[in-house]
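Please find below a colleague's note on the structure, set out as numbered points. The note goes from the overall layout to the sheet, the core and one charged residue.

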Amino acid sequence: MSWLKRLFGLDKPKNAPSFSTRPQPQAGATTQQIPPERMGLNGEYDQSGLAKRVALAFDQDSTIDDINTLYVAQTGSTVVLKGRVPNQQILNKMISVARGVHGATSVETNQVTIG
């Protein structure tokens, strides 16, 4: 199962863009109208837009398998990882990917345990 499907019940959008670049707003909207952390998968306003785009970025990185003991959330423009990961290397990779998603200003991991 994918990150996006497990966490949000969503299938990966067709032709999903890389979210290290700025997502495009829906027609008629401007980036000034939608803060980057609230931009959804398809350019719409989404309260959990950043978390969903991080989950999709994890799905798009072939070195990150879905870890069903880890969850992705957001507080404003901060990506919040919580749960358990197998090792520090995987956590470091996930932090790197999450930081690369447009709109993420920081990644919080104090709710993650290793082992």
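1. Layout. In this predicted model, the order of elements from the N terminus is α-α-β-β-α-β. The chain thus comprises three helices and three strands.

2. Chain totals. The chain has 115 residues, of which 42% count as buried. It exposes about 6,200 Å², and carbon and sulfur atoms supply 46% of that area. Among contacts between residues at least 6 apart in sequence, 61% join residues at least 24 apart.

3. The antiparallel pair. β1 and β2 run antiparallel and are joined by six bridges. Within this pairing, Y71 stands opposite K82 in β2. The two strands form a hairpin with two residues between them. One residue of the turn, G76, deserves attention when backbone torsions are reviewed, as its phi is positive, at about 60°.

4. The parallel pair. β2 also pairs with β3, here in parallel orientation and through seven bridges. V79 stands opposite V107 in β3. V79 is also listed among the core residues that touch the most other members.

5. The nonpolar core. The largest nonpolar core holds 27 residues, and those touching the most other members are W3, F58, V72, V79, L81 and M94. At least two core residues come from each of α1 (3-8), α2 (49-60), β1 (70-75), β2 (78-85), α3 (88-99) and β3 (106-114). The largest share, seven residues, is supplied by α2.

6. M94 as an example. Which residues does M94 touch, not counting those up to four places away in sequence? They are W3, F58, I64, I67, L70, L81 and V85. Of these contacts, W3, F58 and L81 also appear, with M94, in the list of core residues that touch the most other members.

7. A buried charge. E37 is found in the loop between α1 and α2. Is this residue buried or exposed? E37 is buried, yet it has no salt bridge. The nearest side chain of opposite charge belongs to R38, 4.9 Å away; a salt bridge requires a side-chain nitrogen of Lys or Arg within 4 Å of a carboxyl oxygen, so this pair does not qualify.

8. Surroundings of E37. Leaving aside residues up to four places away in sequence, E37 touches D46, G49, L50, R53, Q74, G76, S77 and G103. Among them is G76, the turn residue with the positive phi in the β1 and β2 hairpin. A colleague checking the setting of this acidic side chain may wish to view these contacts together with the loop that holds E37.

Technical notes
Residues are numbered from 1 along each chain as its sequence is written. This is a predicted model: local features need pLDDT of at least 70, side-chain atom pairs count only at pLDDT 80 or more; totals for chains, interfaces and linings use all residues. Side-chain values use heavy atoms; hydrogens and water are left out. A nonpolar core is a set of buried Ala, Val, Leu, Ile, Met, Phe, Trp, Tyr and Cys residues joined through side-chain atoms within 4.5 Å. Buried means under 20% relative accessible area, exposed over 50%, partly exposed in between (1.4 Å probe, protein chains only). Helices (H or I, at least four residues) and strands (E, at least two) are DSSP runs, numbered from the N terminus. Contact means heavy atoms within 4.5 Å. Lys and Arg count as positive and Asp and Glu as negative; His and the chain ends are not counted. Accessible areas come from the Shrake-Rupley method with a 1.4 Å probe; for residues, only the protein chains shown count as cover. Two strands pair if DSSP finds at least two bridges between them.
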